[in-house]
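Biologist: Could you take me on a close look at one part of this protein, the strand region and the salt bridges around it, and show me how it sits against the rest of the chain? I'd like one connected walk-through rather than a list.

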Amino acid sequence: MLYRRALIREMGLTTGAVLTALIAISLVVLFIRLLGDVARGELANEAVFAFLGFSLLYFLPVLMTIALFAGVLLPLSRMWRDSEMVIWFNAGLSLTQWMRPVLTFAVPISLVILLLTLVLNPWMQTKKNEYREDLRSRSESSLIAPGLFAESGSSQRVYYVESLNPLTGIVRNVFMQSRIDGQLGLVVAREGNHTELPDGSRYLVFKDGRRYEGTPGQLDYRIVQFERYWMRLDPVATGDQVTSIRQASVNELLADATPPARAELLWRLGVPVSALILAVMAIPLSYVNTRARRSYGLVIALLLYFVYNNLLSLSQAWVAQAKLNPWAGMVASHLLMLLAVAALFYLRNRQYAPRGRRA
């Protein structure tokens, strides 16, 4: 029991550290990508952090799979380098006996990944689409992007802002042209922002600027200088909400016999199964030659992970295109990797079992 407790504790610490690092890197990459969407006017600045959470939750099963793989591989590789594995082999342990502590650690994490893929991710996709539709229906303020002229849906207003702070939602050097009942209005302000009152009404608030009102071709223009100018924004009507196969629940996918539904079910079940297989595969891949003090196991492990992940993606695409039987797609990639695991265990056992007997 000593080696089990020590290994599980070290795997837990390593997995947690790797997962934390992966989440931090993912947050930075996703945040930069979302800021780019805001700059192009494809996303409202107020939705950055919400979409950041949605995106992270979507990628979390894959991140947990990588962290579990590394969390098993790195501690075992460290034990090979420090010759601890030789001591355990001399104590009568075989390589296959390390599967029990690894599975004890990996099965609960795989169940969490299964919960994420089957339950939480479909719920998240539904909430994300609802939130996106809500943003589209709120107002035309979500169309404003720095450095670009944006026209409202009713074609009654044109906006231009020089810069936008995506964290505070404040825009600088604002220009707005409106045409209502044939009357032309121009607003120029130092800054502005979007405000929502407790009753749900939404306004654009301009600060420190001027408003010019009049009829084109006539000289009776009125100039108003203001400190604050409030302009009400009417909700924008949207069409029917489009649902995606990613939003479907498990029961809906089981009842749907179409290729896209079978492909989505393949992916949701395949990710946790792959996490479990990769954790077991890390045992023979962790080997380090203590004499040469180097190992190609990490490189091979990285290549095998990418091969496995691409096989899952390829099977999903072929099932969705009706080029592959759904049941064959669900088991083919996993069966292939299980054969690779069995081959790796066989090679390592054949290599080190005689040395253990001589000791």
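**Cores first, then the strands**

Modeller: Happy to, and keep in mind that this is a predicted model. Let's start with the largest nonpolar core, which has 50 residues; the members that touch the most other members are Leu-68, Val-72, Trp-98, Met-281 and Leu-285. Seven elements give two or more residues each to this core: α1 (2-39), α2 (48-81), α3 (84-90), α4 (99-138), α6 (259-285), α7 (297-320) and α8 (326-358). Helix α2 has the largest share, with 13 residues. To see what one core member looks like up close, click on Leu-68: leaving out residues up to four places away in sequence, Leu-68 touches Thr-15, Phe-105, Ala-106, Ile-109, Ser-110, Ala-275 and Ala-279. There is also a second, separate core, made of 20 residues, and Ala-47, Val-187, Phe-226 and Met-231 are among them. As a general point, nonpolar side chains in soluble globular proteins tend to be buried together.

Now for the overall layout, so you can find your way to the strands. The chain has eight helices and six strands, and from the N terminus the elements run α-α-α-α-β-β-β-β-β-β-α-α-α-α. Of its 359 residues, 41% count as buried. If you take the contacts with a separation of 6 or more, 61% of them are between residues 24 or more positions apart.

On to the part you asked about. Strand β5 covers residues 202-214, and ten of its 13 residues are buried, so call it mostly covered. Its partner here is β4, residues 183-196: the two run antiparallel and are joined by twelve bridges. To place yourself on that pairing, pick Val-188 and look across to Arg-210 in β5, its bridge partner.

Tyr-212 is a handy residue to zoom in on, as it lies in β5. Tyr-212 counts as partly exposed because its relative accessibility is 28%, and buried would need a value under 20%. Its C-alpha atom is 5.0 Å from that of Leu-186, although the two residues are 26 apart along the chain. Not counting residues up to four places away in sequence, Tyr-212 touches Leu-184, Gly-185, Leu-186, Arg-222 and Ile-223.

That mention of Arg-222 brings us to the charged side chains. The count of salt bridges comes to nine. On one side of Tyr-212 in sequence you have Arg-211 and on the other Glu-213, and the side chains of Glu-213 and Arg-211 meet in a salt bridge at 2.4 Å, N to O. Glu-213 also forms a salt bridge with Arg-222, where the closest N and O atoms are 2.4 Å apart. Are Glu-213 and Arg-211 buried or exposed? Glu-213 has 15% relative accessibility, so it counts as buried; Arg-211 is buried as well, with a relative accessible area of 12%.

There's another charged group to look at. Arg-172, Arg-190, Glu-191, Lys-207 and Asp-208 are linked in a network of salt bridges. Within that network, Arg-190 and Glu-191 form a salt bridge whose closest N and O atoms are 3.3 Å apart. Arg-190 counts as partly exposed because its relative accessibility is 39%, whereas Glu-191, at 10%, counts as buried.

For contrast, step away from the strands to helix α6, where Ala-261 is found. Ala-261 is at 0% relative accessibility, so it counts as buried. Leaving out residues up to four places away in sequence, it touches Ile-245, Leu-253 and Asp-256. Ala-261 and Ala-248 are 13 residues apart in sequence, with 8.5 Å between their C-alpha atoms.

Last stop, the outside. The chain exposes about 19,500 Å², and carbon and sulfur atoms supply 61% of that. One nonpolar surface patch, of about 390 Å², is made by Leu-335, Leu-336, Leu-338 and Leu-339. Leu-336 is found in helix α8, and it counts as partly exposed because its relative accessible area is 46%. Helix α8 is also one of the elements that give two or more residues to the largest core.

Terms used: Residues are numbered from 1 along each chain as its sequence is written. This is a predicted model: local features need pLDDT of at least 70, side-chain atom pairs count only at pLDDT 80 or more; totals for chains, interfaces and linings use all residues. Side-chain values use heavy atoms; hydrogens and water are left out. A nonpolar core is a set of buried Ala, Val, Leu, Ile, Met, Phe, Trp, Tyr and Cys residues joined through side-chain atoms within 4.5 Å. Buried means under 20% relative accessible area, exposed over 50%, partly exposed in between (1.4 Å probe, protein chains only). Helices (H or I, at least four residues) and strands (E, at least two) are DSSP runs, numbered from the N terminus. Contact means heavy atoms within 4.5 Å. Two strands pair if DSSP finds at least two bridges between them. A salt bridge is a side-chain nitrogen of Lys or Arg within 4 Å of a carboxyl oxygen of Asp or Glu. Accessible areas come from the Shrake-Rupley method with a 1.4 Å probe; for residues, only the protein chains shown count as cover. Patches are made of residues with over 30% relative accessible area and no salt bridge: like charges are joined within 9 Å, nonpolar side chains (Val, Leu, Ile, Met, Phe, Trp, Tyr) within 5 Å.
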